[in-house]
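Here is a brief report on a predicted model. Have the sequence and the coordinates open while reading.

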Amino acid sequence: MIINHPILGPRDFQEFTYLGDASLIDRPDWQADNAADQFHDYLYLRDNPAGEHRELWFHEQGDRSWLVVTRNTVTHEILNVELARDVARARGRSK
Amino acid sequence: MGKFDNHGLKAISPLGGYEPRVDVFTGLQIREVTDRALASLAARQGSENAVKSAAASYLGGALPEPAGWGEHGVFSAWWMGPDLWMISAPHDSHELMAADLKQAVGEAGSVVEQTDGWCRFDMEGPRCFDVLERLCNANVRAGKAGDATRTSMEHLGVFLLCQAPGQVYSIIGPRSSAASLHHALVAAAKSVI
Amino acid sequence: MTDAVMNAGRVAFQADGSTGARKGVQVNRLDGGLIKGGKPLSFTFDGKRFKGFEGDTLASALLANGVRLMGRSFKYHRPRGVLTSGSEEPNALVELRSGGRQEPNTRATVAELYDGLEANSQNRWPSLQHDFMAINDRFSNFLTAGFYYKTFMWPAAFWEKLYEPIIRKAAGLGSISFEADPDAYDKGFLHCDLLVIGAGPAGLMAALTAGRAGAQVIIADEDFLLGGRLNAETFGVGDLTGAAWVEQAQAELAAMPNVRVMPRTTIIGAFDHGIYGAVERTADHVLAPEAGKPRQILWRIYSKRAMLAAGATERPIAFENNDRPGVMLAGAVRAYANRWAVTPDQTVAVFTNNDDGHRTAADLIAKGVKVTAVIDTRADAPAVEGAELFAGAQVIDTKGRLGLESVRLRLASGITRDVPCGALAVSGGWNPNVHLTCHQRGRPAWREDIAAFVPAGELPQNMVVAGAANGDFSTAAALRAGAEGAVAALSKLGIEAKVGELPEAEDAPVNVTPFWYVKEGKGRAWLDQQNDVTVKDVKLAHQENFRSVEHLKRYTTLGMATDQGKTSNMGGLAIMAELAGKQIPEVGTTMFRPPYTPVSFGVMAGRSVGEEFRPTRKTPSHKWAEEQGAVFVEVGQWLRAQWFPKAGETHWRQSVDREVLQTRNSVGICDVTTLGKIDVQGKDAAEFLNKMYANAFAKLPVGKVRYGLMLREDGIAYDDGTAARFAEDHFVVTTTTANAVLVYRNMEFARQCLFPDMDVQLISTTEAWAQFAVAGPNARKLLQKVVDPEFDISNEAFPFMACGEVTVAGGCRARLFRISFSGELAYEIAVPTRYGDAMIRKLMEAGEEFGAVPYGTEALGVMRIEKGHAAGNELNGTTSALNLGMGKMVSKKKDCIGNTLSEREGMNQEDALKLVGFKPVNAADPVQAGAHLMNADGEVSAATDQGYITSAAYSPVLGCSIGIGFLKRGDSRKGEVIRAVNPLEGKEIQVEVVSAHFVDPEGERLRG
């Protein structure tokens, strides 16, 4: 597969390490009332779609950027690639 | 700081010699480079512009753009990642460059000495393309001078700096694996030439 | 069999312009052909010496020498000859070369002849002519489809001892020598705008079109000669012969710097997003590769666009005894005659269901070979000149031991007729080579007009198909499709190419009437000759209710092994369709998967073999340790000194015990560079580390080090190390050697994805510093001799857990940490790596007066077990901070990775495992890591399990074996005697539960 890195352009997926669902960005608040339940769901409950999937890839043999890659798990078509840091900020993870 | 230049510990090269190693082939030379000091420079959060301008005054020129490298006088620098660069200078005159650089950028940047984290081999000669295509997936034939590519060679993550396309490259890899990287380069050269 | 031969006296269409007058040089050699230069070569087959010419394949050379019998079949050991002239060959598999270079199951049809080539037939004993295992053929009624599944079911006990060894002995074709392959294999990477797969008329035209437009082009062909079928046919292209046009095209391509022509290169797979795998055989056509040069290269090709122009493969017709040597595909017979100037015999008959088969008759007649009959299944077959035509006839049987002698026909009139022939050229039509179009999700579609599957569905991204591979079988159509395909593909890249003027070429239509097998006859009609699958086997599978083609394949083995059914699948599924009363497209094809043709393990491994299997990381003291005669151990990629044997020591324990005792009694030195080091800076560095570690770091003073434990988000401990604070905004963190990469990755994840606005910068500095542990009561005295005198490292000025920057040896910058893994007064001192070699020598020299010893990883391990420090065995992916006895360290006042879920009820049970130590009650008993703990009395069972021992060692200090491990409620059971059991080895010892801190439990030494 070729991942179109937002900064570096097309790169071979072999340079990357795969983590999993991009929902791992949404780490719950440890002080929430039901923090334990939220953390349970965060850690253990995942969708496993045959189709579009937003997932985290780490450019380990590259610039060390974490990326959010939107990929069709059936066709391997890559629909979008974003810097995970930008996604995290957009999802309200700024301090 | 003169005393740092003449202390009682004798340096060895990444390949374990007291002199840098040179391997010569028809149309290609692979040279171990040991005379460069290195320091990484990272921008502090929100100080991206400040660190760029402070570094520019220290280096005498702008920090390189993503996937690039450049030279300014004795200094050279390459892009390592977002808001992260490696600065290089002659070792004998700049063994303590990390401290000087930190002083130059102050609170705007984080500086880490990297001199001995790496080994470097310079590859020179008209057979560079043929040898590099056996080593890494970088599209060297489409490359230009000033490209700095992070790629891997025989499972080792390296920086590939293009000085002159098809003619001169620097390959910078992890120092502890210098022997493995050197073996890969020499084996590829023997394979092609 | 050697009837009079007509000599047509025709000038050969030879590419180099000369006439190849070689008729009769070998018994079946004809004139003409593309055997260049005529350089004679010598080779052996089964030890017998033969002659061939440069440009021959092993198969063409053997045929030229009158050798039709080339192998024995897989199951029945039937005598078999060559069926094809290409990589689809199912029968003519040989062992090529010998010794370490021996390669089994090599297709003689693609083995390029070289001087000194050595080939042996396989799957026969004692010889190809007399094969003992041919007795299987007599029992063929038993060895039908599913034989193994049905027969060896029971008794179960027979499987391992009886059935499996017998089957294993009988299975397989070729053999290997068990010697190491002396050759090197390379890998490489190529990039292009257009990858052209196949260099026949379509591929060459595409490459010319794209090359002329300035695109970066790679054109690859599995053959050593470009041209595809143009080499096998007598067609011209424009004013030139086919071969001459190929030469011209090749010359033009060679002159273009933007075009890379790769003969002997097979594209083995189409992968995601335009990536193709290719194997280039760089030295298979010579006796041995030159020193240092690879035999083969595995290329990874990154293409923006690809064109599949892989041609088509002819398919046979099944009939009784159609496997005798001499029965061949018609297109192959034609290729041998036209390209290699070889005929398999001097009398040949043709059996066809289509017009293309007639070309073989015409070409052979033109070459002076006697064609004894053209048997066409079609009643309206076209006329034939120079041979007798039997329209509407079928071949119903063959005769000849070890080789064809005659065929029996059922004529349209119903009578039978025997026709003498030493070879039968069979054509059942052609199948486009759609394989690579299916490597993703493409599923081919049936085209009625050519009675074949063509590429369809979702092709690999950015692939176009041209020529015969797409069902366009004429030369003119191929040339046009190649040019137009290239123009269309490049236009997507913004490269303007032109179709230009196409040369004139034959444009014959396809005339074929599907005919898959001859129904008459009770004997065996072979479909898959490589796997000995017959028409009957397919019928049996159907009878037993195998309905899917994939099941048919697995049950009968149709289409398996080296040829993957390239010549047989179509027949099998056509028969299946007929039996099921379905149309062929309803049945569909089996899935084509990479590789297209067999790939050697060697080229997959590339240079990653032996010592170069993976990169080796060497410590800064490696050279010095080698000089000391150290024994090394691989720790991940690192090579670390395991122990340093001294003269007279005959057992590793002697060395290790000495190293431990001398360190505890005086001072020892160990290279600890391998621990991961991550430099953490930024205004939020301390807060960031608070998130990373279970324990708190925000209040760690500058100049101090703190132990830290890292949890996974599920609360399980996964790594530990230290963090040293050099400034308010600057820490250096260590990780375990094994987890350095993982910890760094997780830290970057936290930095970029979880806390994107924290001001923190990370970078690895593992390699930049040579770090040595100096441990033992004399550690300070030793270091005071090395650290420059202006730095006070007395206990008061530099207490336990202090850190700072110093200089050593008269000015070399260094970092000093007062930390201890051994439990002794200990320091770690780091200098820039280039000075590491000098530093270890300096330390040893300074330590001489104290009898300082270097110690390796074994002594390190012993001392940490004596001290009760957790390491990888304890941080084993199942243990929490609570289990490790560090439950209180997990701060409840702050958020960190893993703290919320570490509070789950199940991880905080009253009887939770706790880390404790174990001493044998009988001092002579060895404590074993992995032993399970049971109460003093009662049953030994999983239900009564009390825990397990994780690490054990002989403690030279205590004079007995000791262990640490996890015991239920272990912290409150000290003094209890329990059992450590090892049911696997039938061992059981009594152990006393003790503190894990065997040595200096109060920690006085390390603070001294």
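Which residues of helix α9 (residues 535–543) of chain C are buried?

## Helix α9 of chain C

The buried residues of α9(C) are C:Val535, C:Asp537, C:Val538, C:Leu540, C:Ala541 and C:His542. The list includes C:Asp537 and C:His542 alongside C:Val535, C:Val538, C:Leu540 and C:Ala541.

After α9(C) comes C:Asn545. The phi of C:Asn545 is positive, near 80°.

## A buried loop residue

C:Ile450 sits in a loop of chain C. The loop lies between β26 (445–447) and β27 (452–454). Is C:Ile450 buried or exposed? C:Ile450 counts as buried because its relative accessibility is 2%, and the cut-off for buried is under 20%.

Which residues does C:Ile450 touch, leaving aside its neighbours within four places in sequence? Its contacts are C:Arg315, C:Gly471, C:Phe473, C:Val510 and C:Val512. C:Val384 offers another reference point: C:Ile450 and C:Val384 are 66 residues apart in sequence. In space, their C-alpha atoms are 22 Å apart.

## Cavities

Rolling a probe the size of a water molecule over the atoms shows where empty space is left. The model holds eleven cavities of 30 Å³ or more. The largest cavity has a volume of about 200 Å³. Its lining consists of 16 residues. Closest to the centre are C:Asn431, C:Pro432, C:His435, C:Lys566 and C:Phe592.

Two elements of chain C each supply at least two lining residues: β25 (430–432) and α11 (569–580). The most comes from α11(C), with three residues. By residue type, the lining of the largest cavity has six nonpolar, nine polar and one charged.

## Chain A

Chain A has 95 residues. Its elements are two helices and six strands. From the N terminus on, the order is β-β-β-α-β-β-β-α. The C-alpha trace of chain A spans about 45 × 30 × 20 Å along its principal axes.

Of the residues of chain A, 48% count as buried. Chain A exposes about 4,600 Å². Carbon and sulfur atoms supply 45% of that exposed area. Contacts in chain A can also be sorted by sequence separation. Among those with a separation of 6 or more, 46% come from residues 24 or more positions apart.

## Interfaces of chain B

The size of an interface is often given as the accessible area lost when the parts come together. Chain B and chain C bury about 4,500 Å² between them. Carbon and sulfur atoms hold 48% of that buried area. The contact takes 54 residues from chain B and 55 residues from chain C. Which residues of chain B lose the most area to chain C? They are B:Leu9, B:Gln45 and B:Ser176, together 15% of what the chain B side buries.

Chain B also meets chain A. Here 14 residues of chain B are in contact with 13 residues of chain A. Chain B and chain A bury about 900 Å² between them, with 44% of it on carbon and sulfur atoms. On the chain B side, B:Pro82, B:Asn137 and B:Arg150 lose the most area to chain A. Together these three account for 49% of what that side buries.

How values were computed:
Residues are numbered from 1 along each chain as its sequence is written. Chains are lettered from A and ligands numbered from 1 in the order in which they are written. This is a predicted model: local features need pLDDT of at least 70, side-chain atom pairs count only at pLDDT 80 or more; totals for chains, interfaces and linings use all residues. Side-chain values use heavy atoms; hydrogens and water are left out. On a 1 Å grid over the protein atoms alone, a cavity is a set of points where a 1.4 Å probe fits but cannot get out, and a pocket is an open set with protein on both sides within 12 Å along at least five of seven lines; lining residues have an atom within 4 Å of a point. Grid points are joined across faces, edges and corners, and a volume is the space filled by probe spheres set on the points. Helices (H or I, at least four residues) and strands (E, at least two) are DSSP runs, numbered from the N terminus. Ala, Val, Leu, Ile, Met, Phe, Trp, Tyr, Cys and Pro count as nonpolar, Asp, Glu, Lys and Arg as charged, and the others, Gly among them, as polar. Buried means under 20% relative accessible area, exposed over 50%, partly exposed in between (1.4 Å probe, protein chains only). Contact means heavy atoms within 4.5 Å. Accessible areas come from the Shrake-Rupley method with a 1.4 Å probe; for residues, only the protein chains shown count as cover. Buried area is the accessible area (1.4 Å probe) that two parts lose on being put together, summed over both.
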